[in-house]
Structures are given as C-alpha cells and as structure tokens.
Amino acid sequence: MKLPIIECGAKGRAFYQKPSACFSILCRNEEITLISVIIPVYNAEPYLARCIDSVLASACVGFEIILVNDGSTDRSPEICSGYAEQDSRVRFVSQENQGVSAARNRGLGEALGEWVVFLDADDFISDDFLDMVARPEYQDKDLILFRFAVCASGAPAGSCDIEAAGDGPAARCYQGEEMLPLIRRILVPRPLEGGWALDFRTPCARAYKRRILEQHAIRFSPDIRIGEDLLFNLEYQLRAESCVFLPRTVYFYDVHGDSSSHHFNPGLHENHVLLLQAVRDALGRCGMYAALEQDYHSYALENLTYVLIREIFSPLSPRTYRESRRLCREMRRERMYREALPYNRKTGILPRRILVLFFRLKCCLLVNLISRVSYVYLERK
C-alpha cells in the first residue's frame with residue numbers, strides 16, 4: 001500500500017489525507033511505502049504518550065498508527081482519542097477487554113499498510129526504525145529483523161544508552177534454505193552468526209509483510225495466553241521466503257516490574273498443552289515437523305520445566321504438595337511430554353536436563369526442591 005501525498009511543499013514536506021482502502025500517488029516520482037504501526041492499549045496511561053510520540057517523531061513519512069483500546073479503565077482512551085483528533089495518521093478503535101491477542105488481531109483487521117509493525121504501549125521506538133523498514137532495498141524481503149534494548153521504567157525516549165549495543169552498518173540477508181535456521185531459533189533460542197542475540201519469539205523489533213499475514217490468515221491465538229507470540233512468529237516464518245537482519249537498535253522495552261512472570265500463573269499446564277499442540281500442527285501443515293522434530297521436543301521440555309517452576313511447584317502456589325504431585329502425574333500422561341522425554345539427554349542446558357531426569361524418574365520431592373530453588377534464582381536474575 002502506498003501513501004497518498006496531496007502535495008509537497010518547497011522543502012519537500014509531505015501533507016497527507018486520511019488513508020483509504022485504495023490509493024497510490026507519487027511525490028517527486030517516488031512511491032512512499034505505508035507502514036501500519038499497531039499498538040494494543042490496556043491501562044497504559046503512564047507510558048502511552050511517550051510511546052505514540054516516539055512513532056510520530058519518525059523520520060519516515062509513510063505510516064499510520066492504529067491504537068486499539070482493549071477495555072482500559074484509566075485515561076488511556078482519552079489520550080488515544082486526543083491523538084487521533086490532532087493527527088490524521090493516528091486511528092483509534094476500541095473494544096471490550098479481550099486480551100492483547102484480540103487487540104492485535106483487531107489492529108491487523110484495520111491495517112492498510114504494506115508492512116506491519118507491533119509496538120507495546122509501554123515501550124517506544126527510535127526515530128529511524130520505520131525509515132529503515134521503508135527503504136527501497138528491503139522491499140523485496142518478507143521479514144525485517146532489528147535489535148532491541150531494555151530501559152529503566154519510565155525512561156524518556158532518547159535517554160537509553162545504546163552505544164554499548166554494538167550497532168553496525170552491515171545487513172545480513174537470508175533466503176531459501178537459509179530461512180530454516182531462523183525458524184529453528186524460534187523453538188531453541190541461540191544467537192545469529194556473529195553473536196547477535198535476537199528474540200525470535202516476540203512480535204516487536206521486526207516488520208511483517210501484511211500480504212503474507214492476509215494470504216495465510218495468520219493471527220494471534222486468543223485461546224493461548226502465554227506463548228501466543230511464539231506461535232504467531234512460527235506461523236509467519238514458516239511462510240516467509242526471505243529475511244534481512246539490520247543490526248540496529250530500534251526498539252526499547254520498558255521494564256517496570258509488574259510482569260505476569262512475577263505472579264502465580266494457574267492454568268499454565270493447560271495453556272502449554274494447547275500451545276505445544278498448536279506448534280506441532282503448524283509444523284505439520286507446512287511439512288516441517290520432520291526437519292524440526294528434535295527442536296520441537298527440546299521446546300516441549302523447555303515448556304515442561306517452565307510449568308514445573310512457574311506453576312506446579314511455584315513458592316507462590318496455594319496448592320498442597322499432594323495436589324502438586326497429582327498435577328505431575330497428569331503431566332507425565334501427556335503424549336507430547338512423553339514423546340519429548342527421550343530427547344532430554346541430547347538437548348537443553350544441564351540444569352534443565354537434571355530437573356527433567358528427576359521428573360521422569362518420578363522423584364517428586366527432588367523435582368519440588370529443584371523447581372523452588374530455580375524459581376528463586378530466576379527471580380533474582
């Protein structure tokens with residue numbers, strides 16, 4: 001989708017009309033690529049203005065912002081409405097609270113751009129992020145990957161020091177069979193060549209082609225509340241034929257200590273069973289299960305340990321030890337976990353292999369102890 005430019009001023013400044021379903025007009029004989037920035041909003045009042053302002057400050061001229069209010073109870077809707085009234089590039093839609101997956105899906109249904117970028121309302125981006133997505137040399141790619149940085153809670157946009165991030169000008173392109181290792185990194189995280197550490201499980205700090213999302217009806221699963229990002233990326237990268245990684249830090253995560261990982265998560269077991277089945281189905285539909293079978297089972301074992309540490313034997317769990325043992329027995333009966341257990345010796349880090357070994361041997365007391373110690377260690381990291 002190309003951005004409609006009504007006229008250009010003496011200095012080349014572009015003035016825009018509200019996006020419509022079909023348009024393409026030229027300024028200085030150049031087509032402007034439209035990027036849809038989707039921002040799900042839920043009770044984000046302290047951070048929302050910083051987030052939106054960071055997009056509006058972009059060097060890129062061809063973008064739209066889609067704010068999706070997901071039943072906020074604070075002043076977030078008023079803030080969104082104010083921006084939409086002041087700037088025609090900002091569109092505001094609202095719905096009852098349905099969760100972040102439904103909000104992102106609503107944004108995808110509203111999007112008009114050739115590219116789609118996701119931004120969380122408590123994070124912000126650099127002013128050159130969208131400009132790099134719109135560069136002509138990357139328009140034949142299906143996916144663009146970037147780096148991200150972590151900032152202190154409430155840090156002003158532009159205040160995060162990224163000099164130590166090791167940004168470099170070189171881009172790395174992938175296509176054809178080179179895409180398989182990128183898919184593998186979704187299931188078993190590892191750095192890219194050159195030591196670049198990327199998060200292949202998040203929808204942030206990357207740009208998707210909307211054509212591929214629509215052609216394959218790729219959406220976030222509202223039935224999976226943890227791991228839905230991984231599933232979305234897997235579905236997309238199984239269809240993407242090319243990718244470019246730009247070693248530039250463009251996305252800034254705000255860490256403010258109220259993550260769901262710091263709370264007791266009942267229902268993780270049921271959630272991860274659904275997630276594992278959905279991942280396996282996605283691999284099967286694309287004929288990739290055989291090629292990624294070991295990686296899939298390693299991912300299943302990762303999920304198993306996550307459930308043991310964060311739910312079954314979490315120090316925050318109100319369940320009795322007897323109830324926890326019963327849940328352990330249920331997990332051992334799950335087909336996906338049973339099939340993954342023989343891969344424990346081949347994959348994963350040593351602490352995980354030890355925990356899974358005692359789980360397999362039904363040593364519940366040791367599983368309980370290791371899980372609780374692991375929980376405390378992870379919380380202190």
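**Exercise 1.** In this predicted model, classify Lys-362 as buried or exposed.

*Solution.* Step 1: take the relative accessibility of Lys-362, which is 59%. Step 2: compare with the cut-off, since exposed means over 50%. Lys-362 therefore counts as exposed. Step 3: locate the residue; Lys-362 lies in the loop between α12 (350-360) and α13.

**Exercise 2.** Which sign does phi take at Lys-362 and at Asn-43?

*Solution.* Step 1: recall that most residues other than glycine have a negative phi. Step 2: read phi of Lys-362, near 65°, a positive value. Step 3: read phi of Asn-43, near 45°, also positive. Step 4: place Asn-43 in the loop between β3 (35-41) and α1 (45-56). With a relative accessibility of 28%, Asn-43 counts as partly exposed.

**Exercise 3.** Find the residues that form a nonpolar surface patch with Leu-366, and state the accessible area of the patch.

*Solution.* Step 1: Leu-366 belongs to helix α13 (residues 364-380). Step 2: its relative accessibility is 35%, so Leu-366 counts as partly exposed. Step 3: Leu-369 and Val-373 complete the patch, and the three together have about 260 Å² of accessible area.

**Exercise 4.** How many cavities of 30 Å³ or more does the structure hold, and what lines the largest cavity?

*Solution.* Step 1: there are two such cavities, and the largest has a volume of about 50 Å³. Step 2: its lining includes Leu-145, Phe-146, Phe-148, Asp-199 and Arg-206. Step 3: sort the lining residues by class, giving six nonpolar, one polar and two charged. Step 4: assign the main contributor, strand β8 (residues 143-152), which gives the most to this lining with three residues.

Terms used. Residues numbered from 1 in each chain as written. Predicted model: local features only at pLDDT ≥ 70, side-chain atom pairs only at ≥ 80, totals over all residues. Heavy atoms only, no water. Patch = residues over 30% accessible without salt bridge, like charges linked within 9 Å, V, L, I, M, F, W, Y side chains within 5 Å. Areas by Shrake-Rupley, 256 points an atom, 1.4 Å probe, with all protein chains shown as cover. Salt bridge = Lys/Arg side-chain N within 4 Å of Asp/Glu carboxyl O. Helix = DSSP H or I, 4+ residues; strand = E, 2+ residues; numbered from the N terminus. Buried < 20%, exposed > 50% of the residue type's maximum accessible area, 1.4 Å probe, protein only. 1 Å grid on protein atoms, 1.4 Å probe; cavity = no way out; pocket = protein on both sides within 12 Å on 5 of 7 lines; lining within 4 Å. Points joined across faces, edges and corners; volume = space filled by probe spheres on them. Nonpolar A, V, L, I, M, F, W, Y, C, P; charged D, E, K, R; others polar.
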